[in-house]
Amino acid sequence: MTATDALSMILLICGGLFFLAGTLGLLRFPDVYTRLHALTKADNVGLGLIVAGLAMEAHNWLAVLKLLLIWGLVILASATIAHLIARGALLRGIKIWKR
C-alpha cells in the first residue's frame, strides 16, 4: 500500500463518517431547520472528502474534473433544495425550535 492509497482510504473513511454524522443529525435534531443544517453541512463535507479520496486514485485529469463537477452540482442542488424546504416550512408556520 502506497502513501497515496493510505491517504485516499483515510479521506474515504472520514467522508463516510461525515455522512453518518449527517444521518444522525437528521434522526436526532428536533426540527426541520436544524435537520436541514445537519444534512446539508455534513453531507457536503462528507462528499467533498469522498471526492478528494477518489480523485487521488483517479488515473487521469478528466476523471478528477468529472468528480469535482459532480461535487459542485451536488453542493448547488443541496443548497437550493434546503432553502426551498426551509422556506416552505416558514410559510406553513413551522416555528424554529427553542428550549
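Here a biologist asks and a modeller answers about a predicted model.

Biologist: How many helices and strands does the chain have?
Modeller: Read along the sequence, the pattern is α-α-α. No strand appears in the count. The totals are three helices and zero strands.

Biologist: What is the radius of gyration of the chain, and is the chain compact or spread out?
Modeller: Start with the C-alpha trace, which spans about 55 × 25 × 15 Å along its principal axes. For 99 residues the globule rule gives 13 Å. The chain lies well over that, so it is more spread out than a compact globule. Its radius of gyration is 16 Å.

Biologist: What share of the 99 residues is buried?
Modeller: A residue counts as buried when its relative accessible area is under 20%. In this chain, the share of buried residues is 24%.

Biologist: Which helix holds Asp-43?
Modeller: Leave aside residues up to four places away in sequence; Asp-43 then touches Phe-18, Phe-19, Gly-22 and Ala-38. Asp-43 itself sits within residues 32–57. That stretch is helix α2.

Biologist: Which side chain of opposite charge is nearest to Asp-43?
Modeller: Asp-43 is buried, yet it has no salt bridge. A salt bridge needs a nitrogen within 4 Å of a carboxyl oxygen. The nearest side chain of opposite charge is 12 Å away. It belongs to Lys-41.

Biologist: How far apart are the mean positions of the positive and negative charges?
Modeller: The chain has 9 positive and 4 negative charges. Take the mean position of each set. The two means are separated by 21 Å.

Notes:
Residues are numbered from 1 along each chain as its sequence is written. This is a predicted model: local features need pLDDT of at least 70, side-chain atom pairs count only at pLDDT 80 or more; totals for chains, interfaces and linings use all residues. Side-chain values use heavy atoms; hydrogens and water are left out. Helices (H or I, at least four residues) and strands (E, at least two) are DSSP runs, numbered from the N terminus. The radius of gyration is taken over C-alpha atoms; the globule rule is 2.2 Å times the number of residues to the power 0.38. Buried means under 20% relative accessible area, exposed over 50%, partly exposed in between (1.4 Å probe, protein chains only). Lys and Arg count as positive and Asp and Glu as negative; His and the chain ends are not counted. The place of a charge is taken as NZ of Lys, CZ of Arg, CG of Asp or CD of Glu. Contact means heavy atoms within 4.5 Å.
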